[in-house]
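Please walk through the following structure with an eye to how its chains meet and how strands and helices are arranged within one of them.

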Amino acid sequence: MSELDLLAAVLAATLRAGTPLVLAALGELVTEKSGVLNLGVEGMMLMGAVAGFIAAAASGDLALGIAAALLAGMAMALLFGVLALTLQANQVATGLALSIFGTGLSAFLGRGYVDATLGGVTPLAIPGLAQVPLLGPVLFDQDILVYASVILLVAVHRFLARSRFGLVLRAAGESPDAAHALGYPVIRIRYCAVMFGGAMSGLAGAYLSLAYTPMWTENMSAGRGWIALALVVFATWKPLRVLLGAYIFGGVSILQLNIQGAGFAFPPDLLATLPYLATIVVLVLISRDVRRIRLNAPAALGKPFRPQT
Amino acid sequence: MMLPRLEQRAEAFWVARYLSPFLAAALALLCGGLLFASLGYDPLVAFHAFFIKPVSSLYGLGEVALKASPLLLCALGLAVGFRCKVWNIGAEGQFTTGAIAGGGLALAFPHGNGLWLLPAMILAGALGGMAWAAIPAFLRTRFNTSEILSSLMLSYVALLVLSYLVHGPWRDPAGFNFPQSRQFEDAALFPILFAGTRVNLSCALPFAALPAVWMLLERSFIGFQIKVAGLAPAAAAYAGFKETHLVWLSLLLGGAFAGIAGVDEVAGPIGQLLPNISPGYGFAAIIVAFLGRLHPLGILFASLLMALIYLGGESVQVSLGLPLAVAGVFQGMLLFFLLGCDVFVRYRLRFGPGAAAASSP
Amino acid sequence: MAPPVSNEDSRDKSRGIGKAMMEDRDRQAGVTPRLALDGISKRYPDCLANDHIDLEVLPGELHALLGENGAGKSTLVKIIYGVVHADEGTTFWEGEAVKILSPAFARRLGIGMVFQHFTLFESLTVAENIALGIDHSGEMRALSEHIRATAHRYGLALDPERTVHDLSVGERQRVEIVRCLMQAPRLLIMDEPTAVLTPQEAERLFSTLRQLAAQGCSVLYISHKLDEVRSLCERATVLRGGRVSAECDPRRETTGSLARMMVGSEVVATARPLPHAPGPEALVVNGLRLAAADPFGSDLNDIRLSLREGEILGIAGVAGNGQTELLLALAGERLAPAPEDVRLLGEPVGRLGPAGRRARGLAFVPEDKLGRGAVSEMSMAENTLLTAYLAGLVRCGLIRFGRARELAERIARDFDVAAGGVDSPAGSLSGGNLQKFIVGRELLQRPRVLIAAHPTWGLDVGAGLTIHRELVALRDAGAAVLVVSEDLDELVEICDRIAVISKGRLSAARRVAETTSEEIGLLMGGLSDEGHAGGRHDAA
C-alpha cells in the first residue's frame, strides 16, 4: 500500500469513527439549545444500537433497522421528556437514570443477538468524485450515514441560524419565561428538541451496530454518548464546530488503532485511554474560559421551567 | 377537561418525600412483574426466584450484606456530593483505583503477615480513590470543567488501567496466562465473620462510616454549608461559604469511600485483582443515593434493596435462565419511578374540572 | 355600546364601584370602550390575586392602573395579555366578549404589552427579539428596515443589528416599545415603565405615549408612582388587595388623596432623619477597578467612596450600571485586586471574603432576597445560620439548633414577620415578610457597617417605613449605612449624602440637602449617555 493510500484509509476511517459522534452531538446540541440538558445520550445510543440491530437482523432490511433505531431513541427521549419536562424532575438525575436504564435494557434486549452477524451498511461511492486521489476515497466513498450526518449538520446549522422555529427554539433556551410571556409553548418546543436529540442518538447507535462494526455487543458505545456531550461544550454550541471536534476524536481513536497495528510495543489498554483523556483535555481547554462558555451556552440550560397560568 | 392536572403546592409535602421511594419500589415491582409475564414466566415464580430465594438461607443473607456494603459506602460518599450538586458519577473509577492501590499493596508484600497490612491496604485504597477524585475536583475548581464528564471519563480510564495491570505487569505468572493477579495472602484478606457465609470484617466499615456521615450532613455546620450550596449557590456565596472547599471535600470524601469499597471487594470476596471487579457498584450507588433521599439512613435501606436486586438477577439467571442484565433494568426503573413520584412532593394531582376550566362560558 | 352581561351574584363585592362605573359610562355614552373587564378573578394557591375586578379603557385614553406592590396589578395585565388565564369573569374587546387565551391572540386583537421585567433575549439581536414578538415571517433584512422606519417615526433611536446584552436598560425598553408599535396596537399596556428610567428618560417616554394616545391608541399605564400618573393619565383605576378600591380622574386628585385610595389609610410621616454629625470613616473604597464576572455585567471603573460612621450614604442609578458588581465587591463575594482597595473600619479588607468582612463588623442585605438572602427550602431558623453563624450558633463545628430557633423567634417578634412559625420554610413567606426577616437578621447582629440593597423593594408603604426607621435608628446609634436603590425618592428620603453610579463609575457624593432630584437624575442619565451613540440620537 502506498503512503497516499494509507493516509486515505486513515482519514476515511477517521470520518467513520467520527460519524456517530457527529450524530449524537448534533442531537444533544439541539436539545441543549432549547435549554434542556439530557445526560442520557449514552443510554439512548445503546437503545438505538440494539433496536437497530434486532430489527435489521430479524427483517434483513437495514433501512428497517435504522427506522427502529430512530424510534427507540425517540422512545427513550420521550421517557426523559415526561420526567424532566412534564414532571419537572431534576434534569441531571433524569439523564443519569436514562443512561443507566438504557445500558441495562439494551443488554437485556440484545441478549440473544450477541453472536449474530449482519451484512452491514456498505459504502456508496459517488460516481466520478470517488476516483479523485486521496479526497475521493476519504470523502466520496463512504456509507450513506456518513453523508447523511454531514447533510443533517448543515441542515441543523441553517435551521438554528435562519428559520423562525430555530429562533423560537433558541429563545426557549435563552429565557423560557420571556418566551412564555410572548406566548410560545416552551414545554412543547422543548419536547420537540428532546425528541430530535433522541432520534439522533438512536441513529448514532444504529451507525455503530449496523455500519461501523455490524454486530451487537453489550455496552458497545463505550462512552461515546458522554464524549458527544463533551463535544457540544467543545463546539461552544455551534453546529459546524461539532464536525471539527467529532473528527478530531475520530482521529484520536483511529490513531490509537493504527499505533497498535503498526506494531509499537505500547500496551493496547493504555492506548485505549486516549479518547477519554483527550475528552478531558479539550473540556478543560474550553471550560477554563468562563466568559466564553457563559456567552455561548444557552442561558437557561438545565434549569427546569414550569409555566404559570 | 377531565384530565388530571398538576397543581403546585404552596409548601413542599414532606410525607410524599418519604413515601415516594416506597411508591417507586412498588411500581418498579409491578413493571418487573409485567416484564416477567411478557417473557412468558409466571410472575409469582419469577418474583420468588428474584426476591425470596436469594434471602431464604443464612448464606443468602450474608450475600446481601456483602453486596450492600460496597453500595452503602459508595452511596454515602456520593450523597455528600449530590447534596451540594457536585455530580461525581465516577465512583466506579474511584472504586477501581482504590482496588488497584490496596490490591497493589497486597501484591507488593506477598509475605507480609503483620496486622498492619489490612489497615494499610484500606488506607491505600482510600488514597487511591481520593487521588482519582482529586482530578475532577482540581479541574472543576481551577478550570471550571464539568465534574460529570471528567469523573466519568476517568472511570473508563481506571478500568483500562486495571485491565492493563492484570494483563501485563501484575499478571500471575502461574495463572495459565489468565488476566488475573496472584491470590492475596491471608494477611491481606478480611477475615470471615460468620461461618457458613462470606460475610467478612469489611462489612463493618460502612457501619462505622454511616453515623459519621450522618453527623456531618445533619448536625455539623459543614453539612449545613453543603446543603446551602446545593439548594442555593448564590446564598452560599452570600454567606461566604467557599464553594471550592465544598467541591474538594465532597469529591475527596466520595473518592475515599469508593476506594475503600474497592479494597473491601478485592480483599474480601474476590481475593485477587481481575479485569472486572465490580458489577457496576459505582453506578448503582448513584441510584442508591437518590433512592435513599441523600439521607444516611435512607441510603442504608436503599443499599439493602439494591443488593437484593443484584442477587435476584443472579438467582433468576441460574434458575430461569434470564440474563443478568435484568438487574440493570430493575435499577433503572426504580430510579425513573422515584423521579416520577417525586413530583408529588411539589405538586398535587387534581382530577375533575379545574378552576381555569370553570370560567368557560 | 354593549354593557357587559354579568352575573349579579358574582359581583356583589364590587357592586358599589360597578354603580360608579355605570354613571361614568352615562357620561361618555355612545363610546364603546376599547377594553372592558367584568368581574375578573384569579386565585393562586396562597392568595386571591384578583377579586372581581371591573375596568374599562376608552379609545385614545391614557388610563392608569394604580396600586401598591402585591395589589394585583401585574396579574391583571397578564390576564389581559393572555399570559395568565382568569378563573372567572369576562373580557370585552371593542364591545365583544372575547377569551384571550394566548399573547398571540392578544396581539392579533391589537393589544401590545411592555413588561416590567423585559421579555427580551440577551444573546439575540434587536431584530430577532422583535421578530419573536410580532408573529413575523419573512426576511430578516426587510424586518430590520421596518424596525428602523417605525423607531424613526416615534423619535426612538434603535439599531436592529445590535445584540440586546450590549444595550442599556433604557434602550431595552425602547426595543419592547418598538416591538409593540410595529403591530400598530390599539391598546398598549405599560407595566411600571419608569422604574428603570432616569427622570429625563421618563419625560421622553411620556411624550411618546401622549403622541400615541393622540393617534387613538389607548394606553393602560401601570404604576405606583403618583406624581407621574397625575401628570400623564386622564383616568385611574386603583387596586388594593386584589380589588378595585376606587376610580378617579387623577388630574383632579392630590398625591395625598391618591395615596389614601391606594393604601387605604392615612399615609404616615416619613422617616427623614435629623441632621447629624458623622464620625470617622468606616468604609472606604480607593480607586477600585474590577472586571465583571458576568459577560453581560458592568465593569467597575475607578470606584472611590467614603462612608462615615453615623451617616447614611445612598447610591442611586439606573439598574444594570454596576450596582450588582459594586455590591459583590463591597460584600467580599468578589475580591478586589489589592487589600488596600477596600478598607473596613481602618483595616484593609480587599482580599477578604464575606465571612472575614462579616467578622469585622459588616452586615449585608442582598439584592435578591430568595435564593441569595435566604434559602427558600430551609426553615427560618436554619436561615438565621446563613449569616449569624458567628453569633454563637455553632460550637465545635456542630450547629446549635436551639439557639438558631431562638434567634429566628426574636427576629420574627422584633421585626413583625408574619409566618407560620420559625420552622416554616423561607419560601413560604410573602415577599414583604421575607424582606423584614432578612433585614432583621442583619440588624440584630449589631453591625458597625450595614450595606443594604433595595431594602424596601416590593414592600407596602407601612413595612417600607418600618425598615426606613430601623436604618435611621442604626445610623443614629453610630453605625455607617450604605443604601443602594433604584428608587430615587427613597434615597432622598433617608440619606445624608447620595452618589450616582453610571456605567460602572461612581460620582462624587452630594449632600441631599444641597441637591435636587433633577440634578441627580441628570447625573444618572447624563453620565450614562456620555460618549454613547444612543445619547446623541436622543438629543437629536
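The paragraphs below begin inside chain C and then turn to the contacts between chains.

This is a predicted model, and its chain C contains 18 helices and 23 strands. Of the 540 residues of chain C, 51% count as buried, and among the contacts in chain C with a separation of 6 or more, 68% are between residues 24 or more positions apart.

A useful place to enter chain C is strand β8, residues 218-223, which is mostly covered, with 6 of its 6 residues buried. In a regular strand the side chains alternate between the two faces of the sheet. In β8(C), Ser218(C), Leu220(C) and Ile222(C) point one way while Val219(C), Tyr221(C) and Ser223(C) point the other way, and all are buried. Strand β3 of chain C, residues 62-67, runs parallel to β8(C) and is joined to it by 5 bridges, with Leu66(C) having Ser223(C) as its bridge partner. Strand β7 of chain C, residues 187-191, is likewise parallel to β8(C) and joined to it by 5 bridges, and here Met190(C) stands opposite Tyr221(C). The connection from β7(C) to β8(C) involves helix α7, residues 199-214 of chain C, and the three elements make a right-handed β-α-β unit.

Elsewhere in chain C, 4 strands form an open sheet with antiparallel pairing, in the order β12-β11-β14-β15. Its edge strands, each pairing on one side only, are β12 (300-308) and β15 (347-348) of chain C. Strand β11 of chain C, residues 281-290, pairs with β12(C) in the antiparallel sense over 6 bridges, and Glu281(C) stands opposite Arg308(C) in β12(C). Helix α10 of chain C, residues 323-331, packs on this sheet and touches β11, β12 and β14 (342-344) of chain C, its direction making about 60 degrees with that of β12(C).

Turning to the contacts between chains, 24 residues of chain B are in contact with 33 residues of chain C. On the side of chain B that touches chain C, β1 (5-8), α8 (221-231), α9 (233-239) and α15 (355-358) of chain B each supply at least two residues, and the residues of that side divide into 16 nonpolar, 4 polar and 4 charged.

Chain B also meets chain A, where 37 residues of chain A are in contact with 39 residues of chain B. Helices α4 (91-109), α10 (224-234), α12 (268-271) and α13 (274-287) of chain A each supply at least two residues of the side that touches chain B, and α4(A) gives the most, with 12 residues. By class, this side of chain A has 25 nonpolar, 9 polar and 3 charged residues.

Conventions: Residues are numbered from 1 along each chain as its sequence is written. Chains are lettered from A and ligands numbered from 1 in the order in which they are written. This is a predicted model: local features need pLDDT of at least 70, side-chain atom pairs count only at pLDDT 80 or more; totals for chains, interfaces and linings use all residues. Two residues are in contact if their C-beta atoms, placed from the backbone, lie within 7 Å. Ala, Val, Leu, Ile, Met, Phe, Trp, Tyr, Cys and Pro count as nonpolar, Asp, Glu, Lys and Arg as charged, and the others, Gly among them, as polar. Two strands pair if DSSP finds at least two bridges between them. Axes are lines fitted to C-alpha atoms, for helices over the stretch in contact, and angles run from 0 to 180 degrees between N-to-C directions. A residue is buried if 20 or more other C-beta atoms lie within 10 Å of its own, exposed if 12 or fewer, and partly exposed in between; C-beta atoms are placed from the backbone. A crossover is right-handed if, with the strands pointing away from the viewer, the path from the first strand over the helix to the second runs clockwise.
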